[in-house]
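Trainee: I would like to learn how to read a protein model. Could you take me through one?

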Amino acid sequence: MKKLLTNWFGCGMALLALCCFTAPNASASKLRIVTSTTDLAEFAQQVGGDRVEVESIARGYQDPHFVEAKPSFLLKIRRADLLIVVGLQLEIGWLPPLITQCGNPNVQVGAKGYLDASQFAEILEIPTTTVTRAMGDVHPFGNPHYWLDPENGRRIAQGIKNKLAEMRPEDAAYFDQRFQDFSKRLTEAEKSWDAQMEPYRGRKVITYHRSWPNFLKRFGLISAGEIEPRPGIPPSPRHTVELIQLMRRENIKVILVEPYFDLKTPNSIARETGGQVVVMLPSVGGEKEVTDYFQLFNYDINLVVRAFQAAH
Ligand SMILES: [Zn+2]
């Protein structure tokens, strides 16, 4: 018995030694990527495969404008080889101090480990006049919710792929193959999404926040107004009354709401207008079952189609 134990112990030690020897090397060879949002983490994971280790700071069910900065985020960014951000000031309320305080020179704005994904995407609503505070929380460089068009998703994934290839030239072919595969699967999925949305082209909707211009444009829908009187400004009774009148006048029945907003005003507008409130997810991870970019569109399109069907 003693011998057996010793043997087992010896063997265990050997295994342990092997693990200790190989594990850190294996993980050190992976690029450590930190993203501000889950959607960017998804693109990085799709193209990076097993050569990357990806973590998002914000959770998919959180409002990406307002993320509570925690000390653990600093540690993540400190260890990162690459930091990917949405940009266009989406994260201006919480990310800049984390970057400046993390003590990692590689991920500072403009450094080689800092990637602003907005440069790859089609950006809508770029203001043509000077932005003032009276306009609310308007983003002066355009609408930062750009990942909600699959074509932008493809472009962002491609931009990340190029960045990864630049940082790890020896894995460039691997990243490229994974990007091609992602793009192909996306093309297939887009056919189905387009077919589902086709009957509703030209329909008008109301949204809570201006999170959806890229999504609406992609699928031929029109936003007739927002529940927020101005971006980032909570609902006001006067604006809500105007919105109800507009919906009645134009027979608008569908109200899209992000999961982190209070449903009180949307529900009361729906009651007044016979409308449907649809809690749409702007990000991967907004619900447990929505674990990737494909499921995000499956989920949202399914909901919006059902709402249009119910509204006639
Ligand atoms: Zn916004």
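Trainee: Which residues of α6 are buried?

Mentor: A residue is buried if 20 or more other C-beta atoms lie within 10 Å of its own, exposed if 12 or fewer, and partly exposed in between, with C-beta atoms placed from the backbone. In α6 the buried residues are F175, R178, F179, F182 and W193. Before going on, note that this is a predicted model: local features need pLDDT of at least 70, side-chain atom pairs count only at pLDDT 80 or more, and totals for chains, interfaces and linings use all residues. Residues are numbered from 1 along each chain as its sequence is written.

Trainee: What do the buried residues of α6 pack against?

Mentor: Packing is read from contacts: two residues are in contact if their C-beta atoms, placed from the backbone, lie within 7 Å. The buried residues of α6 pack against α2 (38–48), α5 (150–167) and α10.

Trainee: Where do names such as α6 come from, and how many helices and strands has the protein?

Mentor: Helices (H or I, at least four residues) and strands (E, at least two) are DSSP runs, numbered from the N terminus. The protein has ten helices and eight strands.

Trainee: What span should helix α6 have?

Mentor: The expected span of a helix is 1.5 Å times one less than its number of residues. Helix α6 covers residues 172–197, which is 26 residues, so 38 Å is expected; the C-alpha atoms at its ends are 36 Å apart, which agrees.

Trainee: In what order do the strands of the sheet with β1 stand?

Mentor: Two strands pair if DSSP finds at least two bridges between them. Here four strands form an open sheet in the order β2-β1-β3-β4, and the pairing is parallel. The edges are β2 (52–56) and β4 (114–116); each has a single partner strand, so one side of each is left without a neighbour in the sheet. Strand β3 (residues 82–85) is joined to β4 by three bridges, and V85 stands opposite D116 in β4.

Trainee: Which strands does α2 touch on that sheet?

Mentor: Angles need axes, which are lines fitted to C-alpha atoms, for helices over the stretch in contact; the angles run from 0 to 180 degrees between N-to-C directions. Helix α2 packs on the sheet and touches β1 (31–35), β2 and β3, and its direction makes about 170° with that of β2.

Trainee: What is the order of the strands in the sheet with β5?

Mentor: That open sheet has four strands in the order β6-β5-β7-β8, with parallel pairing. Its edge strands, β6 (222–226) and β8 (276–279), each pair on one side only. From one strand to the next the twist averages 30°. Strand β5 (residues 204–207) pairs with β6 over four bridges, and I206 stands opposite G225 in β6. Helix α10 (residues 293–311) lies across β7 (254–257) and β8, at about 175° to β8.

Trainee: Which domains does the assignment give?

Mentor: Domain bounds come from an automatic or database domain assignment. Here it gives domain 1 (27–186) and domain 2 (192–311). Their centres, taken over C-alpha atoms, are 25 Å apart. In contact are 23 residues of domain 1 and 22 residues of domain 2. On the side of domain 1 that touches domain 2, α2 and α5 each supply at least two residues.

Trainee: What share of the protein counts as buried?

Mentor: Of its 312 residues, 39% count as buried.
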